[in-house]
Amino acid sequence: MLYRTQQDFERFKCIADRCPKSCCIGWQIVIDDSSIEKYQNTRGDFTNRLQSSIDFDEHCFIQNHHRCSMLNDSGLCDLHSTLGEDYLCDTCRLYPRHAEEFLDIREYSLSLSCPEAVRMLLKPDYDFKITESQDDSFDDEDDFEDFDFLVFDKLAYARDKMFEVASDRSLDLQARMKIVAEAAYKLQVLFDEGEIFEMDNVINDMTKNQDDKIHSDSSHASLSPDYLTDSLEVLLDMEVLEESWRDSILSCQNFWKEKNRSSDEWHAAMYPSDDLEYVFEKVLKSLLFSYFCGAIYDGQIYARAMIAVQSIRWLMMLYYTSDEDSPASTIYLYSREVEHSDININSLISFFEEDL
């Protein structure tokens with residue numbers, strides 16, 4: 001088995017009651033079958049407290065005013081403090097660790113919906129890199145009998161090149177994202193036409209030195225204020241955890257409706273300082289790592305690249321109109337609202353698919 005892992009993945013530590021946005025508030029926490037059985041058979045003084053906090057039919061913890069029933073007033077988990085970490089269900093034990101499975105490859109990253117994971121990412125000396133390791137284990141290949149390894153190889157190669165482009169600071173980030181988006185579009189066309197071997201030409205072209213890549217094209221449609229402001233509608237139409245999130249989007253949308261491409265505000269948001277641009281570069285890489293190669297299962301190469309690219313532009317717009325000194329909360333709130341819902345991710349895929 002080949003393992004690709006986000007740098008410092010193993011160093012993550014939950015900050016529990018010090019977290020500014022607890023994962024135990026707002027989300028329904030689903031319990032795996034093994035943990036359900038363990039909780040049903042638990043005996044002792046804590047039994048009634050535990051079992052009365054679980055909906056055994058729905059396999060989830062009951063919520064009290066949007067808080068997990070195991071979360072006490074101090075912001076700590078009574079299950080964890082009473083029975084220990086071994087009694088946590090898979091959801092609580094693994095979050096914010098995220099895994100993607102591809103035949104004999106496993107890819108691990110930290111979800112951007114976690115404030116502590118975002119804090120790690122935003123550290124000036126932290127770069128988003130992937131480490132690789134390997135062992136002799138393997139899963140049943142029958143689970144991946146329709147897996148097209150040739151196409152996956154092209155997608156993984158393309159993502160490597162996208163990382164290389166994303167790291168090229170001789171170009172502004174908008175120029176880098178434009179290269180990624182255009183390459184993804186061309187790859188989608190070739191994939192749809194069955195020209196798989198031709199994909200290498202597009203992939204290799206991404207990192208060629210071309211004079212027209214030195215500066216981003218301000219006339220590019222997906223970078224226009226009108227397009228991006230209107231496109232915020234897709235976020236407004238999603239299911240939300242908190243209405244305050246929808247209020248933030250509406251406020252952002254109203255602000256940018258009054259601006260145009262030549263406004264100082266638009267330039268400041270889309271072309272931020274080097275330090276802030278580096279933050280968004282790392283988020284771009286994180287999103288590409290999480291989503292792009294998933295196209296092996298649904299064929300949505302362009303849409304999955306655009307989830308990364310346009311999310312960065314939306315984040316730039318949202319952060320500029322926020323009152324925060326750091327983009328951290330904008331990033332983890334966006335991820336919290338968008339990324340943990342299959343309905344929302346599918347809405348994004350459908351939205352970008354229409355661009356084709």
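**Figure 1. The loop holding Pro96 in the predicted model.** Pro96 lies in the loop between helix H4 (90-94) and strand E6 (97-102); helices (H or I, at least four residues) and strands (E, at least two) are DSSP runs numbered from the N terminus. The peptide bond that joins Tyr95 and Pro96 is cis, with omega of about 5°. The model is predicted, so local features need pLDDT of at least 70 and side-chain atom pairs count only at pLDDT 80 or more, whereas totals for chains, interfaces and linings use all residues. Residues are numbered from 1 along each chain as its sequence is written, and side-chain values use heavy atoms, with hydrogens and water left out.

**Figure 2. Positive phi values in the loop between strand E1 (2-6) and helix H1 (33-40)****.** Asp8 is placed in this loop, and its phi is near 70°, a positive value in a residue other than glycine. Asp8 is partly exposed, with a relative accessible area of 26%; buried means under 20% relative accessible area, exposed over 50% and partly exposed in between (1.4 Å probe, protein chains only). Ala16 is also found in the loop between E1 and H1. Although Ala16 is not a glycine, its phi is positive at about 50°. The relative accessibility of Ala16 is 33%, so this residue counts as partly exposed.

**Figure 3. Surroundings of Leu121 in helix H5 (residues 115-122)****.** Leu121 is buried, with a relative accessible area of 2%. Leaving aside residues up to four places away in sequence, Leu121 touches Leu112, Tyr126, Phe128, Lys282 and Val283, contact being heavy atoms within 4.5 Å. Arg336 is 215 residues from Leu121 along the chain, and 16 Å separates their C-alpha atoms.

**Figure 4. The largest cavity and its lining.** A cavity is a set of points, on a 1 Å grid over the protein atoms alone, where a 1.4 Å probe fits but cannot get out; a pocket is an open set with protein on both sides within 12 Å along at least five of seven lines, and lining residues have an atom within 4 Å of a point. Grid points are joined across faces, edges and corners, and a volume is the space filled by probe spheres set on the points. By this rule there is 1 cavity of 30 Å³ or more, and the largest holds about 30 Å³ of space. Its lining consists of Leu112, Val283, Leu287, Leu315, Ile331, Tyr334, Ser335 and Glu339. Two or more lining residues come from each of helix H13 (274-291) and helix H16 (328-338), with H16 giving the most, 3 residues. The lining divides into 6 nonpolar, 1 polar and 1 charged; Ala, Val, Leu, Ile, Met, Phe, Trp, Tyr, Cys and Pro count as nonpolar, Asp, Glu, Lys and Arg as charged, and the others, Gly among them, as polar.

**Figure 5. The second largest pocket.** This pocket contains about 350 Å³ of space. Trp245, Ser248, Ser322, Thr330 and Leu333 are the closest to its centre among the 15 residues that line the pocket. Helix H11 (243-257) and H16 each supply at least two lining residues, and H11 provides the largest share, 5 residues. By class, the lining has 4 nonpolar, 7 polar and 4 charged residues.

**Figure 6. The buried side of helix H17 (residues 342-353)****.** The buried residues of H17 are Asn344, Ile345, Leu348, Ile349, Phe351 and Phe352. Exposed residues Asp342 and Ile343 are carried on the face of H17 turned away from its buried side.

Conventions. The expected span of a helix is 1.5 Å times one less than its number of residues.
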